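User: I have a structure here and would like to go through some of its side chains and helices. Please keep the reasoning short and finish each reply on the item asked for.

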Amino acid sequence: MLGDGAGILIQLPDQLFREEMALQGVTLPPLGRYGVGMVFLPRGDASRRACEAVIERAVRYEGQVLLGWRDVSR
């Protein structure tokens with residue numbers, strides 16, 4: 001069964017993201033000063049890295065800073 005995975009996150013679970021990103025050594029800006037993108041990436045390493053590179057370029061192009069990635073497949 002497949003679905004598009006579309007959904008809307010109304011509230012940002014700030015504490016969850018702070019704890020998860022701290023494990024990666026990332027300190028998040030104050031609540032309201034960062035955003036979260038939820039992206040469904042390919043499972044293959046090469047394809048996933050290629051998609052991440054495209055997203056990272058787009059973020060930089062828009063003048064933003066990508067703070068990190070969170071793998072939810074674990």
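User: Is arginine 18 buried, partly exposed or exposed?

Analyst: This is a predicted model, and the figure is computed from it. Arginine 18 has a relative accessibility of 24%. Buried means under 20% and exposed over 50%, so arginine 18 falls in the class between, which is partly exposed.

User: Which residue meets the side chain of arginine 18 in a salt bridge?

Analyst: The N to O distance of this salt bridge is 2.8 Å. Both partners are in helix 1 (residues 14-22), and because they are four residues apart, about one helical turn separates them. An α-helix has 3.6 residues a turn, so positions three or four places apart point the same way. The partner is buried, at 16% relative accessible area, and it is aspartate 14.

User: How many salt bridges does the structure hold, and which residues are linked in a network of them?

Analyst: The structure holds four salt bridges. Aspartate 45 pairs with arginine 48, with closest N and O atoms 3.0 Å apart, and glutamate 52 pairs with arginine 48 at 3.7 Å. Arginine 48 takes part in both pairs, so by the 4 Å cut-off the linked residues are Asp45, Arg48 and Glu52.

User: How many residues apart are aspartate 45 and arginine 48 in helix 2, and how many separate glutamate 52 from arginine 48?

Analyst: Aspartate 45 and arginine 48 are about one helical turn apart, being three residues apart in helix 2. Glutamate 52 and arginine 48 also lie in helix 2, again about one turn apart. The spacings are three residues for the pair with aspartate 45 and, for the pair with glutamate 52, four residues.

User: Which of aspartate 45, arginine 48 and glutamate 52 is buried?

Analyst: Aspartate 45 has a relative accessible area of 44%, which means partly exposed. Arginine 48, at 26%, is partly exposed as well. The buried residue, with a relative accessible area of 16%, is glutamate 52.

User: What span should helix 2 have, and how far apart are its end C-alpha atoms?

Analyst: Helix 2 covers residues 45-61, which is 17 residues. At 1.5 Å a residue, its expected span is 24 Å. The end C-alpha atoms agree with this, being apart by 24 Å.

User: Which residue just after helix 2 takes a positive phi?

Analyst: The phi angle in question is about 80 degrees. The residue that takes it is glycine 63.

User: Which side chain joins tryptophan 69 in a polar contact of 2.7 Å?

Analyst: Tryptophan 69 lies in the segment after helix 2 and is partly exposed at 26% relative accessible area. Leaving aside neighbours within four places in sequence, its contacts are Met21, Gln24, Leu41, Glu52, Ile55 and Glu56. The polar contact of 2.7 Å is with the side chain of glutamate 56.

User: How far is the C-alpha atom of tryptophan 69 from that of valine 36?

Analyst: Tryptophan 69 and valine 36 are 33 residues apart along the chain. Their C-alpha atoms are separated by 9.7 Å.

User: Which residues make up the largest nonpolar core?

Analyst: Of the 74 residues of the chain, 11% count as buried. One member of the core, valine 26, is in contact with Met21 and Leu67 when neighbours within four places in sequence are left aside. The core has five residues in all: Phe17, Met21, Val26, Leu28 and Tyr34.

Definitions and conventions
Residues are numbered from 1 along each chain as its sequence is written. This is a predicted model: local features need pLDDT of at least 70, side-chain atom pairs count only at pLDDT 80 or more; totals for chains, interfaces and linings use all residues. Side-chain values use heavy atoms; hydrogens and water are left out. Helices (H or I, at least four residues) and strands (E, at least two) are DSSP runs, numbered from the N terminus. The expected span of a helix is 1.5 Å times one less than its number of residues. A nonpolar core is a set of buried Ala, Val, Leu, Ile, Met, Phe, Trp, Tyr and Cys residues joined through side-chain atoms within 4.5 Å. Buried means under 20% relative accessible area, exposed over 50%, partly exposed in between (1.4 Å probe, protein chains only). Contact means heavy atoms within 4.5 Å. A polar contact is a pair of N or O atoms within 3.5 Å; within protein, one must be able to donate a hydrogen and the other to accept it, and residues adjacent in sequence count only if both atoms are side-chain atoms.
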